[in-house]
Each structure stands twice: as structure tokens, then as C-alpha cells.
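Visitor: I've got this model open and would like a close look at one part of it, the open sheet and whatever packs against it. Could you walk me through that, and then show me how a few other spots compare in their surroundings?

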Amino acid sequence: MDSLQLYSVARCLEESFAGQMLRGTEVQQGVAVLYFPRGRLYLAYQHTPVGLFWADALAQVPKPAGSAAILGQKLRGFRLVSLELPWADRILRLRFAQTGLDRQEKSWSLLAECFGARAAILLLDDEERIHWASRWDTLEQDPARILPQASYQPPPKTQSWEDLPNLLLLLHPKQRERFGDGALEQIAALLQGPSCQPWWQGGVGAEPYPLRFDVGAVVIPIAEAVRWRAPVARVPRGQQTASAVGAREQEAQRLRRRQQRLWEDLAKWQDAQTEEARRYAAALFASPDRVHSGGILLLPEYRSDGVGEIELAIPAGKYLHAYAQELMRRAQRAERARQRIGDELARVDAALRHLPEQDIAPGVATESSGKPRSRRPVGIEEREVDGFNILWGKNARANDYLSFRLGQPHDLWLHVQDLHGSHVLIRRQNPQQDVPAEVLRQAAEIALQHSASQSLSAEVDWTELRNVSRHPQGGAGRVLYRRFQTLRVRRPGSTRN
């Protein structure tokens, strides 16, 4: 963002965030995140793109670590008063205030110098002294501005609004060339107009801007134009083409091998002749139950065209009805296997069809097939709720695979409290993706349904998968977890008394 963009965003977001109490802070990779009840503010001071952005609120505020914890402790309980640009440059000031029990008002200023490589976040007191900073200068530096307890001084070339000779200096140098003679009038109207004026976008993929610079530009609400979108790491074009093509071919070969194995498994289960097994079982159930001595048994078969005869080899010492139940279980197991293999074949076929459209990093398998060189065990179920995939394991091996092979660190993990049960996973695209409360509730209900609990309601713990680890003295599926929250849910269909 240039100065004009930052000025527009600060004026608009101040209407939504002013007066809200700060819930928590986080500083990582050149971005400071401020958590408020109504949403999150992202101060990207060293990140790309640099500037001020916003996102929806999170139900769970992450616990700050490192130096960010000090910042959170200083600002805890303070309310945001204003968003200001004291200088005509990319220096943003957030004023916080708090009225104590003694009726004395305390205040802090969080200053963000959004300059790029040499940017910083600073916490100032009433006397403009620096109490915390994301980076510190050394005494040998010239100038050494950011020092503990030093009075804050802006960079030497920074100009105040009153001393600004030309409003065009508010624009980025690349933007100045796009505007004609009417640029000064547009900027003056923007500075004096309403705080949340719409922005403009000249075409697909173009960056939105506060001023209209194209005849065909479309109007975008500023709240959408400055919504935070986590940037995607880009690979140089030449390197991306060479590596992606090779990785795509490897992934295609792996999927074809997987497809061939599935067809072989399907043929094996079809050879089980499930319909014939059901016929034999029906004939055995129609006969009196007794222990057979072994060998060939002739059984009558009642058909629509008359009575036939079946020759069936029965092991010695088997009850006829018990052997019939065994045949029925074989037929049911074959049907489930065919259904499962058919679903997996459909997923593999879909992955092959969409493979040319995907950008695959070398050595990484597609999401539909899981991680490379790992066979997905039987017993993992999946359901889609409001666009989120919810997975759960139905046995210890499936739970272990789900939590430590299939899941990503930013996925949400759920388990019924203090009882045996399924591990439940909510897949997320990135750590910043919000999970709606309804999706979380339905996932907790799944954890309750597939647990040892016999109650109509129970406590379900949930956390990010990064906080889950294997139990050092336990078998498959036994875990330890920390930094969790608890949600109480009832079984679907149950009513409150």
C-alpha cells in the first residue's frame, strides 16, 4: 500500500474497530495481528503486500509466544481509540486507552512503520518513549532511532501533512504515471470525502485503488478490497515449469499404478461370488439346524420354477445355521469392499482428470490420495459440511493414520473427553481459515457418536493438530494433547429435558 491507500484504509476501519477491547496479539513473519471481538487487524510492515488489512474474528485467540507475549501483556484490557497517519508516509499509529479502577486513564500507541525490509512495530507510552519494538537498532547505527526507552523520532525524510508540497507524493511512484491532470482533484476529494468511499479495480487480477484510473474500472467496497488474503509462495517461472511438469508426470504414474491395483482388488472381490454365497446361506437356513460330519451336503433350493438341489461342501463339526451366517458375512464383506474400492476408484479417476490443471510441487502427492508412499487404512470415514471435509477413524490404526499421517498441523482435531473414541479431523486450507461454529458442532457430534460414551451429551475437546502427539507408552491411536478448548454437545435427535 502507498500512503493514500493506507490513509483510506485507516479512516474506514476506524469506524468498525474503534472502541473495541484488544483480545490478543500475534507477531510473525513481518505481520502483527491484533485480535478484536469484531475482527482481526493485520499490520503487514515487512510482509508482502505491506499495509493494513482486516479479517473476520476467531473464536479462539492463539496464545502469544516470544516477544509478542510482552506486547500482549502491555495492551491487555486496552481499547482502540483511533487509527491515525501522523505523517504523510506509511507510518500508522494505533492509539489505545484504558480507564483504571483509580479513574486514571492510561494510554499506549502502537506505531507501525510499513517500509519493507527496515520496517518495525513499536510500542510508545504517553511521553513517546519506546517500550517494545519488533527490532532494535545498535548504537553504532546512524541514525539509531529505535532504542529502549528512547524518544521516538520518525525517519529524517518523513514529512507532515502540513509540510507536504504536492499531494501527488502520496501516490506510489508507479501509480503517478497512471493519472492525468485530474489526479490532484481526485486526491483532494478523497481526503475530504466520506471515510469508506469505494475503491476501483481496472481489470481481473489488478490491484484495487482508492482512485479511478481506468474507464472500465469496476467499483469494489473497501471492506472487500482490503480483506486479508494470505500470500502464496511463488516459484520462478522457469523453475516452476520444469519442476511442475516432472512432478505432474510422477504423480500421474503413481495414480495409474494405484488405479491398476484397485481394479485387481475389485476383480478379486467380484470372484467371491456373493450372490452364490447368499443362495447357499438361504438354503442352509431353510434346513433344520444340526452339526454336520463334513463333506458334501445336498440341500433343497426353493425357486419360482420349482424345487432344485444344491451341492455344498461343509466343514466337519459345523452347525448348518452357523455356517450360513458365515456365508452371509462373507457376502456382506465383499459388498462393502466393492463399494469402498468403487469410491476410491472414483477419487483416483477424478484426480487423473484434474491433474493437468494442478500445480504440484516435486515429491508431493495430491490431496485426494494423501501423502506419498502411505496406504490409507480401512476405517476412515469422511463427510462434507458447509464446504469443510470432516474425517474420523473407526479403529485405532485409522485414528493413528488420520492424526499423524493424513492431517496437517493447522487442521482442527477433536476427541471426546476422557473416553475411548474416534479421532475427528476438520481439514483447513491454511492456518488463517476460520471454521464456522456449526461445522465445529457437527464434528463434535461425530466424535460423541463414535465414542465409548453412553450419555446423551458429553464434553468434546478440540485443538489444532500441531498440539497433538503420540503417547510415549501407548499403542496406535493413543495421544497426548495440550492447548485445547472444550465444547459440550448432545447426540443428534436427542431433546433436552
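Guide: Let's start with the whole protein, which has 10 helices and 21 strands. Keep in mind that this is a predicted model. Of the 497 residues, 43% are buried. The accessible surface comes to about 27,700 Å², and 49% of that belongs to carbon and sulfur atoms. Looking at contacts with a separation of 6 or more, 53% are between residues 24 or more positions apart.

Now for the sheet you asked about. It is an open one built from six strands, and if you walk across it you meet them in the order E14-E15-E17-E16-E18-E21, with antiparallel pairing. At the edges stand strand E14 (380-385) and strand E21 (485-490); each has a single partner strand, so one side of each is left without a neighbour in the sheet. From one strand to the next, the twist averages 25 degrees. As general background, strands of a sheet pair through backbone hydrogen bonds, either parallel or antiparallel.

Zoom in on the E21 edge. Strand E18 (residues 457-464) is joined to E21 by six bridges, and the two run antiparallel. If you want one pair to click on, try Val-460, whose bridge partner in E21 is Leu-487.

Two helices go with this sheet. Helix H10 (residues 437-449) packs on it and touches E14, E15, E16, E17, E18 and E21. The direction of H10 makes about 75 degrees with that of E21. Helix H9 (residues 396-406) lies across E14, strand E15 (388-393), strand E16 (412-416) and strand E17 (424-426). Relative to E15, H9 runs at about 135 degrees.

Next, the nonpolar cores. In soluble globular proteins, nonpolar side chains tend to be buried together. Here the largest nonpolar core has 62 residues, and Leu-41, Leu-43, Leu-94 and Phe-96 have the most contacts inside it. Helix H1 (residues 3-17) gives the most to this core, with eight residues. There is also a second, separate core of 21 residues, which includes Phe-388, Ile-390, Val-435 and Ile-446.

For a feel of the surroundings in the largest core, pick Leu-43. Beyond its neighbours within four places in sequence, Leu-43 is in contact with a list of residues including Val-31, Leu-34, Leu-52, Leu-92, Leu-94, Leu-110 and Ile-121.

Two polar residues are worth a visit too. Thr-25 sits in strand E1 (residues 24-28), and it counts as buried because its relative accessibility is 1%, with the cut-off for buried at under 20%. The Thr-25 side chain reaches the backbone nitrogen of Gly-72 at 3.3 Å. Leaving aside neighbours within four places, the contacts of Thr-25 include Val-33, Tyr-35, Pro-64 and Leu-71.

Asp-137, by contrast, is in a loop, the one between strand E9 (130-133) and helix H3 (173-176). At 9% relative accessibility, Asp-137 counts as buried. Its side chain makes a polar contact with the side chain of Arg-135 (2.5 Å), and the Asp-137 side chain also reaches the backbone nitrogen of Arg-145 at 3.1 Å. Outside its neighbours within four places in sequence, Asp-137 is in contact with Arg-118, Pro-143, Ala-144, Arg-145, Ile-146 and Leu-147. A little further along the chain is Pro-148, 11 residues from Asp-137, and the C-alpha atoms of the two are separated by 9.2 Å.

Methods
Residues are numbered from 1 along each chain as its sequence is written. This is a predicted model: local features need pLDDT of at least 70, side-chain atom pairs count only at pLDDT 80 or more; totals for chains, interfaces and linings use all residues. Side-chain values use heavy atoms; hydrogens and water are left out. Helices (H or I, at least four residues) and strands (E, at least two) are DSSP runs, numbered from the N terminus. Buried means under 20% relative accessible area, exposed over 50%, partly exposed in between (1.4 Å probe, protein chains only). Contact means heavy atoms within 4.5 Å. A polar contact is a pair of N or O atoms within 3.5 Å; within protein, one must be able to donate a hydrogen and the other to accept it, and residues adjacent in sequence count only if both atoms are side-chain atoms. A nonpolar core is a set of buried Ala, Val, Leu, Ile, Met, Phe, Trp, Tyr and Cys residues joined through side-chain atoms within 4.5 Å. Two strands pair if DSSP finds at least two bridges between them. Axes are lines fitted to C-alpha atoms, for helices over the stretch in contact, and angles run from 0 to 180 degrees between N-to-C directions. Accessible areas come from the Shrake-Rupley method with a 1.4 Å probe; for residues, only the protein chains shown count as cover.
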